[in-house]
Amino acid sequence: MGGDTRYGTAEFAAALGHTIKVLRTDRGVERKDLADKAGLSYSHLAAIEAGQKQPSPQALVAIAEALGIRSHELLESVEMRRERTERRGGDPWWLTGDAAI
């Protein structure tokens, strides 16, 4: 139902990217500012948020820290959102763009 969100899968990349984007926008942070703070290029962060690339472990830690959370909290947020979607029986939120989960 919710799909395979293990690290290394396309669905994980989409779910992680969407979670990063939601957390960033919820905090009122522009993508350029997050990229600068995390030490990433704007285009690399944009590709991560779009689910086109997966961040390296170092980039994942840098993004989480730039968002003011720990990397495991970021990963837990991905899993928590996936579980809520499965309980509701809906389409995966990272495929529908539904940030209000």
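**Exercise 1. Find the residues at the heart of the largest nonpolar core, and say which helices supply it.**

Solution. Start with the members that touch the most others: of the 21 residues in the largest nonpolar core, these are Leu16, Ile20, Ile63 and Leu74. Here, a nonpolar core is a set of buried Ala, Val, Leu, Ile, Met, Phe, Trp, Tyr and Cys residues joined through side-chain atoms within 4.5 Å. Buried means under 20% relative accessible area, exposed means over 50%, and partly exposed is in between (1.4 Å probe, protein chains only).

Next, look at the suppliers. H1, H2, H3, helix H4 (57–67) and H5 each give two or more residues to this core. H4 provides the largest share, 7 residues.

Now zoom in on Ile63. Leaving out residues up to four places away in sequence, Ile63 touches Ile20, Leu34, Ala38, Leu40, Leu45, Ile48 and Pro55. Touching is a contact, that is, heavy atoms within 4.5 Å. As background, nonpolar side chains tend to be buried together in soluble globular proteins.

A word on what you're looking at: this is a predicted model, where local features need pLDDT of at least 70 and side-chain atom pairs count only at pLDDT 80 or more, while totals for chains, interfaces and linings use all residues. Residues are numbered from 1 along each chain as its sequence is written, and side-chain values use heavy atoms, with hydrogens and water left out.

**Exercise 2. Describe the chain as a whole.**

Solution. First, list the elements: there are 6 helices and 0 strands, which read along the sequence as α-α-α-α-α-α. Helices (H or I, at least four residues) and strands (E, at least two) are DSSP runs, numbered from the N terminus.

Second, check the cover. Of the chain's 101 residues, 43% count as buried. The accessible surface is about 5,500 Å², with 49% of that belonging to carbon and sulfur atoms; the areas come from the Shrake-Rupley method with a 1.4 Å probe, and for residues only the protein chains shown count as cover.

Third, see how far contacts reach along the sequence. Among those between residues at least 6 apart, 57% join residues at least 24 apart. For a single pair, try Lys37 and Leu67: they sit 30 residues apart in sequence and 8.9 Å apart in space, C-alpha to C-alpha. Lys37 belongs to helix H2 and counts as exposed, at 62% relative accessibility.

**Exercise 3. Track down the salt bridges and work out which ones share a partner.**

Solution. A salt bridge is a side-chain nitrogen of Lys or Arg within 4 Å of a carboxyl oxygen of Asp or Glu. That rule gives 3 salt bridges.

Take Arg24 and Glu49, whose closest N and O atoms are 2.6 Å apart. Arg24 is in helix H1 (residues 10–26) and Glu49 is in helix H3 (residues 42–49), so this bridge ties together parts 25 residues apart in sequence.

Move on to Arg31, which meets Glu49 in a salt bridge as well (2.8 Å, N to O). Since Arg31 lies in helix H2 (residues 31–38) and Glu49 in helix H3, the pair ties together parts 18 residues apart in sequence. Arg31 is buried at 19% relative accessibility, and Glu49 is buried at 6%. Arg24 is buried too.

That leaves Asp36 and Lys32, with closest N and O atoms 2.9 Å apart. Both are in helix H2, 4 residues apart, about one turn of the helix. Asp36 is partly exposed at 49%, as is Lys32 at 47%.

Finally, pick out the shared partners: salt bridges join Arg24, Arg31 and Glu49 into one network.

**Exercise 4. Compare the spans of H1 and H5 with what's expected, then see where their buried residues sit.**

Solution. The expected span of a helix is 1.5 Å times one less than its number of residues. H1, with 17 residues, reaches 24 Å from first C-alpha to last, close to the expected 24 Å. Helix H5 (residues 71–88) has 18 residues and should span 26 Å; its end C-alpha atoms are 26 Å apart, which agrees.

Now the cover. H1 is mostly covered, with 12 of its 17 residues buried, including Phe12, Leu16, Ile20 and Arg24. After H1 comes Gly28, whose phi is positive, near 70°.

In H5, the buried residues are Leu74, Ser77, Val78, Arg81, Arg82 and Thr85. They cover an arc of only 125° around the axis, so they're on the same side of H5. That arc is taken from the directions from the helix axis to the C-beta atoms. The general rule is that an α-helix has 3.6 residues a turn, so residues three or four places apart point the same way.
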